[in-house]
Amino acid sequence: MSDAKAPAAIKPKLTTFDATMIVVSLIIGIGIFRTPAMVAAAAKTPALFYAAWALGGLVSLVGALTFAEIGGRFAKPGGYYKVVAENYSSGLAFMLNWTNVVVLNGAGAAAVALIGAEYLTPIVFPGAAPGPATVQITAVALILGLLAVNYLGIKTGAWAQNVLSVLKVVMIGLLAAGAFLSKKAPEGPAALPLDKPWIFALGVAFIYVFYAYGGYQNTINFGADVRDAKRNVPRAIFFGILVVLACYLTLNAAYVKVLGVPGIASAKLVAAETARVTFGEAGKLVVSLAIFLSAMGFLNVTLMQIPRVYYSMAEDRTLPAVFRKVNARTQTQEFGLLFLGAIILVSIFLLRQFENIVNYVMFLDTITLAIVSSSVFVLRRKARLAGEAYDGYRVPLYPVLPLVFIAVMLAVAGNVLATQTREALYGAVFFAVGFPVFLLMRGVSRRGGDATPGV
């Protein structure tokens, strides 16, 4: 496909506030309502529990600052894929991203849709116990509704995202405030006995903490959508991560105040247990709405950002050219959006539970984060050699902070390899299988007559 016949370009339509709310929902999904139990089970003591969330938040802030500079320097659609393709190699970019982008994001979104439907159906159908079919039909209706919203345009999707993100933060604040105002106090011991040295306990807790904090890096996929992206993408990442830090640290303190670390560790759904203790029967409604809004926010932002990665992969000839088509008026990738929606809808009827759906790629995810964040060194070097003047955001204490973040991500990957070896090996297999798939997709693009230059 020649440049003369290139599809409509993506035009910047999103404001800094739009992008900030995107960051909030990229990070705050279902995780904060589930992972604290796993963190508490690993940390055992209040000191280690708080340390895991505080240090994890600090490292995530460092990562966010690093990605803020990458987003400022590399304002392109699907930047999380493309920054690796352009600065390292297309093959490496595809191998790191293909399972998440083509398969697992759809499956993960389906799982979140089912969870959102599970919490919505008791509100819609009070007094009844909805069966699996009712939950599945509700999940399908939710996905179809969000698909319709996003099909109308990127600004319509952003408007919905703003509403969902603000309501989500309000519900988290309501749950935390109720816990702090409650006179309820945990019963029994304040801590669980440590069965391993504290440093190893903290290391295991970090695996789940970083899963909960993850997502901000995908903001760079909107590099072509945000107005004055060089300045506003870094601002959005910075303000968004601060909102998330405030929510997470406050909510975890509320969990400890009401349940204690042993109570958190034994709770299947820590937010629901906290709400039950704090609000009684009304707590079910509070936590159901909070989790439903979080699920909807995550689903909406997934529908917004994954098609932009399809766009960059199509530009790179690792997906067919149809994935690059953009509606000039709405800025929607109609085929890409419907393709993602189809994967989600099919997955809804294939999935049975949420548990462990991302465990098999956690090893690969942390390595990918390390590699993508390292591109800040390549971008700076290229700018210096080209004599380019850059007046946008720069990560402070360079190169120390990016190196610290990369080292921590690699350490977490090593910890996953040591403690969840099977899952790590599955991640390695997914990575290796990506190479023949990459060659296949390149061959399909050539046979299809797509002459878009490779990078």
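Start by selecting Ile123, Val124, Phe125, Leu285 and Leu289: together they make a nonpolar surface patch of about 400 Å². Bear in mind as you look around that this is a predicted model.

Now colour by element to see where the patch comes from. Two helices, α5 (90–124) and α11 (282–315), each give two or more residues to the nonpolar patch.

Next, click on Leu289. Which helix holds Leu289? That's α11. And is Leu289 buried, partly exposed or exposed? Its relative accessibility is 31%, so Leu289 counts as partly exposed, since that class runs from the 20% limit for buried up to the 50% limit for exposed.

Time to zoom out and switch to cartoon. How many helices and strands are there in the chain? You'll find 15 helices and zero strands.

With the whole chain in view, turn to its dimensions. The C-alpha trace spans about 70 × 50 × 40 Å along its principal axes. The radius of gyration is 22 Å, which agrees with the value near 23 Å for a compact globule of 455 residues.

Then try colouring by burial: 57% of the 455 residues in the chain are buried. Put the surface on as well, and you're looking at about 18,200 Å² exposed by the chain, with carbon and sulfur atoms supplying 68% of it.

Last stop: show the contacts, keeping those with a separation of 6 or more. Of these, 85% come from residues 24 or more positions apart in the chain.

Note on methods
Residues are numbered from 1 along each chain as its sequence is written. This is a predicted model: local features need pLDDT of at least 70, side-chain atom pairs count only at pLDDT 80 or more; totals for chains, interfaces and linings use all residues. Side-chain values use heavy atoms; hydrogens and water are left out. Patches are made of residues with over 30% relative accessible area and no salt bridge: like charges are joined within 9 Å, nonpolar side chains (Val, Leu, Ile, Met, Phe, Trp, Tyr) within 5 Å. Accessible areas come from the Shrake-Rupley method with a 1.4 Å probe; for residues, only the protein chains shown count as cover. A salt bridge is a side-chain nitrogen of Lys or Arg within 4 Å of a carboxyl oxygen of Asp or Glu. Helices (H or I, at least four residues) and strands (E, at least two) are DSSP runs, numbered from the N terminus. Buried means under 20% relative accessible area, exposed over 50%, partly exposed in between (1.4 Å probe, protein chains only). The radius of gyration is taken over C-alpha atoms; the globule rule is 2.2 Å times the number of residues to the power 0.38. Contact means heavy atoms within 4.5 Å.
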